[in-house]
Structure formats: structure tokens, C-alpha cells
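Open the model in your viewer and set side chains to sticks. The tour below moves from one selection to the next.

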Amino acid sequence: PHFIFAKDEEGRFILANQAVADAYGVSVEELSGNTDANFTSTGREAKQFREDDKDVLKSNCPKFVPCEKITDSQGNIRFLETIKIPFTFSGAESPSILGISTDISDRIKSEEALKISEELYRGIVEDTPVLINRFLPDSDIIFVNKAYCDYFGKSFDELVNHSFLSSVPEADRAKVMGAISALDKSNPVMTQEHQVELPNGKKSWMQWTNRAIFSLDDEVVCYQSIGEDITERKKLEEKVQKAYREMGKTIEVRTSDLRQAKEEAERANSLKSEFLSNMSH
């Protein structure tokens, strides 16, 4: 399947295998004595091939081309990994080029698809207003997004390779890390709420959704946390709880008043009955 070819100092094919002929849509015989420019649909590709050939002839040293593009006879773009070496045929007066190319189109397409996927993921992660960080089992941060940096007022470099626990009040650290360490394959995700300390000395409440990331042998590689500030929600909850407590006290007082009124009414009825009884006698 590899392209194998030889060219003279003018770039004309001296020999080529079937793979090269198939790519150009011609026979092996038709290649002989012609250059790439006679078959490629774009002059840019033929020009690049010729420049690489000249480099080999001029330096008299091999040249490795990690990725070059060729458009085949069907109009498909293919990517090749090529090695070209100086070569002299027996009895020839001028040096030649011997080349071997491997089609790496599938690999390049996979790499491009992965690159696009990574760029989309990075865009989502960086543009989202929620805080995202990844950290190792020892709590050292390996990644944070922009929202996380902005929230804690530190740069990416200031946060990475440092423990995320530094922002957690000391009294809560063991509890926070204990809950995260308990994640396993059967229970890989959990949500927890705890306070964090900000650079200005203030404390705020955060809700974190923590997920354990596992290797192929089921070992924890790292953890990913997505967080949002719930300080205002916590304040509202406290207000509601306070209102309920005050309402409970009011109800308790009113119940006591009603009980006392009932007792006084019963006492009055008893006195009335006793009075009437005495009058009848």
C-alpha cells in the first residue's frame, strides 16, 4: 500500500509502483518520464514535491516529510508521510531521488476531529459561568477554567499544582475530602455544599458536583468538580427558617392564651352551676 518511487534530477519518474499509479489514475508505464505536475490537479502540490526533491539533491542527505498533501485522481485529499533519500542508479550520470510514502489520511482526519472536539469542549468550559476544576486524589489542582480563576481572584498558574483545600475553612477540610474520596465506580458522582474563603477574607457558600474519573483498570485518575455560588440561596433559607421559628413561637403563645381562656371559661361555668344550685336550695 505504500508509495514507492524514484525520480531523476529533473523530477521525472524513473520508476513507481502501482500505489502511485492508482493515486494519479494512470498506469505505471504512463508515469515514466513524467513529473508530478503532469498529474496533480493543483500546481501547489507539485511545486512542494519538487522543492523537497531539490533539498535532497542539494544536501545529498535524506529528508523526512512528516505530512504532505496530495490530491488523487478522484479529487480526494490524501495525506502522506514521506522519506526521500539521494540515490544513484548503476551507470547513471546524475543522482536521483528514492522515496517511500505512507498514507496517513485516517490518522490526520482523526487528529483533526479530536482537535475540533477539544476546541469545542474548551470553548464550552471557558465560556460557562460555573466554576470548573479538576484535581488529583491528593487534592492538587490540575485544571481550572476562567470562571474559577475570576471567582478566587487568582491566575491559572497560581492555582494549578496547589491544593483546592486551601480555599476551604480548615474545620471543614477533612469532611469535604472524605466525601470526595468515598466516590467509586458504583457511586461516581456526589453533590456537597460547603463554605469557601475568598481572598478578601469573606466566606461564601458553594455547591459542588464532584465526579470521579477512572482509568481502564478502575483506579481513580482524578476528580472533576463543577461549582456554583449559593450564598444568596443560603441567606434566603436562613430567613425562611427564622420566619418559621418566629411563627412557631407566635403559635405557641396563642395556643397558651387559648388554653388559659378555656380554663377560665370552664371555671366560670362551674361557679355559675354552683351558684344556681345554691339558689335552688
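Start with K63. At 24% relative accessibility, K63 counts as partly exposed. The cut-off explains the label, because buried means under 20% and exposed means over 50%. Keep in mind throughout that this is a predicted model.

Now add D52 to the selection. D52 has 3% relative accessibility, so it counts as buried. The side chains of K63 and D52 meet in a salt bridge, with N to O at 3.0 Å. K63 lies in strand β3 (residues 63-71) and D52 in helix α3, so the pair ties together parts that are 11 residues apart in sequence.

**Next stop: D53**

Select D53. Is D53 buried or exposed? D53 counts as buried, at 2% relative accessibility.

Which residue forms a salt bridge with D53 at 2.7 Å? Show K84: its closest N atom and the closest O atom of D53 are 2.7 Å apart. This pair links distant parts of the chain. K84 sits in strand β4 (residues 77-87) and D53 in helix α3, 31 residues apart. K84 is buried, and so is D53.

Leave D53 on screen and add K7. The side chains of D53 and K7 also meet in a salt bridge, at 3.3 Å from N to O. Here, too, distant parts of the chain are linked: D53 is in helix α3 (residues 43-59), K7 is in strand β1, and their positions lie 46 residues apart in the count. K7 counts as buried, with a relative accessibility of 3%.

**Widen the selection**

Add D36 to the view. K7, D36, D53 and K84 are linked in a network of salt bridges. As background, side chains of opposite charge can pair when their charged atoms come close. For the wider picture, colour every such pair: how many salt bridges does the structure hold? The structure holds 15 salt bridges.

**Last stop: E10**

Jump to E10. Where does E10 lie? E10 is in the loop between β1 (3-7) and β2 (13-16). Its relative accessible area is 45%, so E10 is partly exposed.

Show the neighbours of E10. Leaving out residues up to four places away in sequence, E10 touches T35 and R50. Put a distance label on the C-alpha atoms of E10 and R50. The label should read 8.6 Å, for two residues that are 40 residues apart along the chain.

Methods:
Residues are numbered from 1 along each chain as its sequence is written. This is a predicted model: local features need pLDDT of at least 70, side-chain atom pairs count only at pLDDT 80 or more; totals for chains, interfaces and linings use all residues. Side-chain values use heavy atoms; hydrogens and water are left out. Helices (H or I, at least four residues) and strands (E, at least two) are DSSP runs, numbered from the N terminus. Buried means under 20% relative accessible area, exposed over 50%, partly exposed in between (1.4 Å probe, protein chains only). Contact means heavy atoms within 4.5 Å. A salt bridge is a side-chain nitrogen of Lys or Arg within 4 Å of a carboxyl oxygen of Asp or Glu.
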